[in-house]
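User: Please take a close look at one part of this model, the place where protein and nucleic acid meet. I would like the contacts described one by one, followed by whatever pocket belongs to the picture.

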Amino acid sequence: MKTTFHQRLVRLIKKIPRGKVATYGQIARMAGNPRAARQVVWVLNSSWEKEKLPWYRVINSKGQISLKPGQGYELQKSLLEKEGVLFDDHGRVNLERFLWTPLKI
DNA sequence: AACCTGACTTCGG
DNA sequence: TCCGAAGCCAGGT
């Protein structure tokens with residue numbers, strides 16, 4: 001049976017290695033739809049729990065955490081730092097260094 | 001079927 | 001480099 005876009009997103013998110021991050025757009029692009037970044041958000045919200053997704057490894061294209069302070073920002077940042085991901089003074093991650101880049105592409 | 005919404009992204013100024 | 005606007009996906013109501 002054919003895999004759905006949703007399933008591909010789930011699989012990709014599961015593959016993000018620790019110590020690395022991926023962007024919403026990147027995941028959507030790898031799943032086949034460059035413009036479905038917002039759909040990644042929906043997937044995370046709807047199934048991170050039952051699919052045990054490493055939700056905190058997904059950030060925005062600017063290299064920043066999209067969650068707002070008091071709404072998960074601190075938690076996500078600490079979880080990433082615990083894996084070795086570093087943030088600069090402006091809460092940005094150096095994507096050159098920490099972006100998950102599968103060898104293929 | 002229309003309208004709203006969200007952890008987005010890209011582009012122009 | 002920093003906004004703001006406009007574009008986009010699909011589920012929920």
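**Contacts to the DNA strand**

Analyst: The model is predicted. A polar side-chain atom of Arg38 is placed 3.4 Å from a base oxygen of DNA strand C. Two other side chains face the backbone of the strand. For Gln39, an N or O atom of the side chain lies 2.6 Å from a sugar or linking oxygen of DNA strand C. For Trp42, the corresponding distance from a side-chain N or O atom to a sugar or linking oxygen of DNA strand C is 3.5 Å.

These three belong to a longer list: DNA strand C is surrounded by Asn33, Arg35, Ala36, Arg38, Gln39, Trp42 and Arg92. By class, this surface has three charged, two polar and two nonpolar residues. On the side of the nucleic acid, sugar or phosphate accounts for 70% of the atoms of DNA strand C within 4 Å of the protein, and bases supply the rest.

Arg38 also leads to the pocket. The largest pocket is lined by Arg38 together with Tyr24, Ala37, Val41, Leu44, Asn45, Trp48, Trp55, Val58, Ser66, Leu67 and Gln76. Its space comes to about 320 Å³. The lining divides into eight nonpolar residues, three polar and one charged. Helix H3, residues 37-47, gives the most to this lining, with five residues.

Arg38 thus appears in two settings: among the residues around DNA strand C, and in the lining of the largest pocket.

Note on methods. Residues numbered from 1 in each chain as written. Chains lettered and ligands numbered in written order. Predicted model: local features only at pLDDT ≥ 70, side-chain atom pairs only at ≥ 80, totals over all residues. Heavy atoms only, no water. Near = heavy atom within 4 Å. Polar contact = N/O pair within 3.5 Å; in protein donor to acceptor, adjacent residues only side chain to side chain. Nonpolar A, V, L, I, M, F, W, Y, C, P; charged D, E, K, R; others polar. 1 Å grid on protein atoms, 1.4 Å probe; cavity = no way out; pocket = protein on both sides within 12 Å on 5 of 7 lines; lining within 4 Å. Points joined across faces, edges and corners; volume = space filled by probe spheres on them. Helix = DSSP H or I, 4+ residues; strand = E, 2+ residues; numbered from the N terminus.
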